[in-house]
Amino acid sequence: MTLLSKQARLPAALAGALALTFLALPAEAAEMDDQIYTFFQLDQNEYRLNDEGEDLYAWDAQGWIGTDYDKLFLKSEGEYALDGEWEKAEVQVLYSRLISDFFDVQAGVRYDFEPDPERAYGVIGLQGLAPQFFEVDAALFVSNKGDVSARFEAEYELLITQRLVLQPSAELDVAVQEVDELGIGSGPSGIELGLRLRYEITREIAPYIGVHYESDLFDTADFTRDEGGEVDAVSFVAGVRLFF
Amino acid sequence: MKTWLNARNSRAARNTRAAFAAVGVVTALLGVPPALAGTYDLTIGETTINVSGSDRTALAINGTVPGPTLRFKEGEDLVINVTNTLDEDTSIHWHGLIVPTSQDGVPGLSFDGIKPGTTHTYRFPAQQSGTYWFHSHSGLQEQSGVYGSIVIEPQGREPFRYDREYVVVLSDWHDTKPEKILANLKKQSDYYNYNQRTLLSLFDEAEEKGFDAALADRLDWGGMRMTPTDIADISGYTFLVNGKNPEQNWTGLFAPGERVRLRFINAAAMTYFDVRIPGLEMTVVQADGNNVQPVKVDEFRIAVAETYDVIVRPMEDQAYTLVAEPLERGGLARGTLAPRDGMTAEVPGLRPRPLLTMADMSHGDMEGMDHAAMGHSMPAAEAPGAVEPPMSGMDHAAMGHGTMPQADGPPAQQPMSGMDHAAMGHAMPPASADADPFYAPGSGLTPKAANGGKFLSYADLKAQRPLYEVREPTREIEIRLTGNMERYFWSINDKKYSEAEPIRLTYGERVRFKFVNETMMTHPMHLHGMWTILDNGNGKWNPVKHVVSIAPGTTVLAEVEVDAPGRWAFHCHLMYHMATGMFREVIVEGGPQAAALN
């Protein structure tokens, strides 16, 4: 059915989204104070070894191109088991508008290549810096099947020294209704907690180590158990945070 | 010109002559007409400099950073040819010079800029005297080295004496290209802040004021998503005196007992300097090119783009270190005054970095201000009358009325007439010597002299001779200095240049600008084409400037006699603030050149 294998389609889609992002903005020179800038960060770019002995590569990337007020965002996260299996892979392309000193409202699309079956979503969200320097991202998703879900993410950067940074992070997924095909129950469906300690050699390059915990919750956990899967996993992680 | 230069057997003059000869600043002495006239040639091009330990490409005027010192005579008709050998547009703006709008050198407002490979000729008369400077007004070229100094000899006698003089250009150099610096700030506004509060520094703070107080302070700042260490946007600068780093040690020679005039110019893109010469008292005689009544000081703060002329009289046969310490203490600009070449004096260490306080966060806001509630013991006669203390949303008790131990002093109070002084708080201790009404009471930025002596305040500046008659302003325009620190863009009245309409003034009116600083940074505001009369409470002696610096949490008043028709730039002189939106076009309508304007 496809020209490209599934493994090849994800990078292709990423490249396509990135190209689209760059093409979508006006090329003419704007006023000095209204120029277009770019940003790309692999906040998580890591090897995970979990308590089941499985090893994975995982990423959490974010980039934008745009002006102070209007940006096109690209977000992607996923996991690839090093035995050759995609566990999760999603890409979001969002229009982002600055609505206050610290927050952007975002809207766009999300596409999940994994897990099976693939899904497309409409996205609306809010991203920014909350008081006490919590970086937060809240998004509401509506799938092409009409399923509604939400995700809340928060992270904090605790500076131990100027370059040694401890970064706790949390992510909570909530489903409004059961999605049988994906094994998701209604209500809070999953949680991820992370604690990463990085050393910023430069702002751009920061190797880190840490722990990552993820767990299915409530009905979703029951589904997973019924299918004989693991409900939760603790992983040791090591990676390099990159910033362009 | 030549004769005049020869009259000065000074190193600066020799340097200047050398520079003139080397770079072909040609004085058109052939057939000098009775009226003074001079032709000067400047070439802007790339050069390689090494002030940081590695070779870097700089943009230079006549091959050097800084460019040459242009020496004019008051009344001289100037013809200045500027050749652009870069592969991008450039421009030269004559900072502080009163010139016709077409000669002001701001691309998009005065002219189209100087295209690559072309020569543009500026023509205007030197209608003033004093110390000024010039720099590119294109893109971010100023940070890369396109700046130089201007000295204009007055027609008449100067009201002070000196035996020799030096131009002292202070500047900041960064190995990273300015476009990249700005891109980094846009990605992460604290990209360059390596002096953040950390978990480790929390222990120090706890030791100082107790754990609960230290934590509460952290939460106060965190609640605002601001940080008290945010003094400078950019770190990693090398600070220069006349293009030399501290090791290269620019040296000015003197004979003991001579009066030496130092013409300080802050040509830095982003850096305020605290300037002192340990062991020497400095007499400030000029600010922004205009003579002021002499003030003896131990130290002064020079805002970006300001100039101060000081006279020192070293009596001993010894070297003195000239120290220009950046406000954020991120390094040092150093030079030496010495009787002979090669002599040096001790170079003092850096003082601690300042930290912002809640006073600096108070938005210079007047709303809800209750004059009666303010603890001023200041007699009316001494009221400088320029800085309005920030009161809105502030905890008066926390401001320490009546309890302020080290007495940062009562703030100057603008609307004094008709105030009931008897009703004003009396618990306030008298202002201490280091109080400066141009800083918010309790501000972390209030300067203090290193030797505990006198630090120059704006309040000390009194014009030697008023340029304008005193009259009531015809109207007041509020200029709120605003910005988004997190996303790194800056604005005026919450609008960037690209979003705002020009400010329209009418020829012949006198406008009062009310600058309200709502940000945490100090902004040196610069209006082109017309003088800015700083209202520091000295009435007809209010000093006349081209840059007015507004500290966080303060409101400063300044008046402008609108006497120059045309389109003018009005902006913060911190280069990255200007570039990201803290800029306005000012259009002066009417007047003698109204027809030409259209």
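1. Let's start in the middle of chain B of this predicted model. Strand 17, residues 307-312, is mostly covered, with six of its six residues buried. Look at how the side chains alternate: Thr307(B), Asp309(B) and Ile311(B) point one way from the strand, while Tyr308(B), Val310(B) and Val312(B) point the other way, and all are buried.

2. Which strands pair with strand 17 of chain B? One is strand 12 (residues 260-266) of chain B, which runs antiparallel to strand 17 and is joined to it by six bridges. Here Leu262(B) stands opposite Val310(B). Another is strand 14 (residues 282-287) of chain B, also antiparallel, with four bridges to strand 17. In that pairing, Gln286(B) has Asp309(B) as its bridge partner.

3. Now the nonpolar cores. The largest one holds 147 residues, and the members that touch the most others are Leu170(B), Val284(B) and Phe515(B). Strand 9 of chain B, residues 164-173, gives this core its largest share, six residues. If you click on Leu170(B), you'll find that the residues it touches include Val241(B), Phe264(B), Ile265(B), Phe273(B) and Ile302(B), leaving aside anything up to four places away in sequence. Another core, of six residues, lies apart from the largest one, and among its members are Leu72(A), Leu74(A), Val93(A) and Leu94(A). As background, nonpolar side chains in soluble globular proteins tend to be buried together.

4. Chain B also has an open sheet of four strands, in the order 2-1-4-6, with mixed pairing. Why do strand 2 (56-61) and strand 6 (119-125) of chain B each have one side without a neighbour in the sheet? They stand at the edges, each with a single partner strand, so one side of each is left free of a neighbour there. On average, neighbouring strands of this sheet are turned by 15 degrees against each other, direction ignored. Strand 4 (residues 77-84) of chain B pairs with strand 6 in the antiparallel sense over seven bridges, and Ile80(B) stands opposite Tyr122(B) of strand 6.

5. A second open sheet to trace in chain B has six strands, ordered 21-20-23-28-25-26, and its pairing is mixed. Its edges are strand 21 (489-492) and strand 26 (544-545) of chain B, each with a single partner strand, so each has one side without a neighbour in the sheet. Further in, strand 25 (residues 532-534) and strand 28 (residues 555-561) of chain B pair in the antiparallel sense over two bridges. Leu534(B) stands opposite Ala558(B) of strand 28 in chain B.

6. On to where the chains meet: 24 residues of chain B are in contact with 20 residues of chain A. Helix 3 (178-187), helix 4 (199-209) and helix 5 (211-224) of chain B each supply at least two residues of the side of chain B that touches chain A. What is that side made of: how many nonpolar, polar and charged residues? The split is nine nonpolar, nine polar and six charged.

7. Compare two of those helices. In helix 3 of chain B, Pro178(B), Ile181(B), Leu182(B), Asn184(B), Leu185(B) and Lys186(B) are buried. The buried residues of helix 3 pack against strand 1 (37-50) of chain A together with helix 7 (575-579) of chain B. Is helix 4 of chain B buried or in the open? Of its 11 residues, the number buried is zero, so helix 4 lies largely in the open. Gly210(B) follows helix 4 of chain B and has a positive phi, near 95 degrees.

8. A quick profile of chain A: it has two helices and 13 strands. Of its 244 residues, 25% count as buried. Among contacts in chain A between residues at least 6 apart in sequence, 45% join residues at least 24 apart.

9. Finally, a word on confidence. The model scores ipTM 0.90 and pTM 0.87. Chain A has a mean pLDDT of 90, with 88% of its residues at 70 or more, while chain B averages 86, with 81% of its residues scoring at least 70. Still, pLDDT stays under 50 over residues 22-30 of chain A, and also over residues 366-433 and 594-598 of chain B. Where pLDDT is low, the predicted coordinates should not be read in detail.

Conventions. Residues are numbered from 1 along each chain as its sequence is written. Chains are lettered from A and ligands numbered from 1 in the order in which they are written. This is a predicted model: local features need pLDDT of at least 70, side-chain atom pairs count only at pLDDT 80 or more; totals for chains, interfaces and linings use all residues. Two residues are in contact if their C-beta atoms, placed from the backbone, lie within 7 Å. Ala, Val, Leu, Ile, Met, Phe, Trp, Tyr, Cys and Pro count as nonpolar, Asp, Glu, Lys and Arg as charged, and the others, Gly among them, as polar. A residue is buried if 20 or more other C-beta atoms lie within 10 Å of its own, exposed if 12 or fewer, and partly exposed in between; C-beta atoms are placed from the backbone. pLDDT is the predictor's confidence in each residue, from 0 to 100. A nonpolar core is a set of buried Ala, Val, Leu, Ile, Met, Phe, Trp, Tyr and Cys residues joined through C-beta atoms within 7 Å. Two strands pair if DSSP finds at least two bridges between them. Axes are lines fitted to C-alpha atoms, for helices over the stretch in contact, and angles run from 0 to 180 degrees between N-to-C directions.
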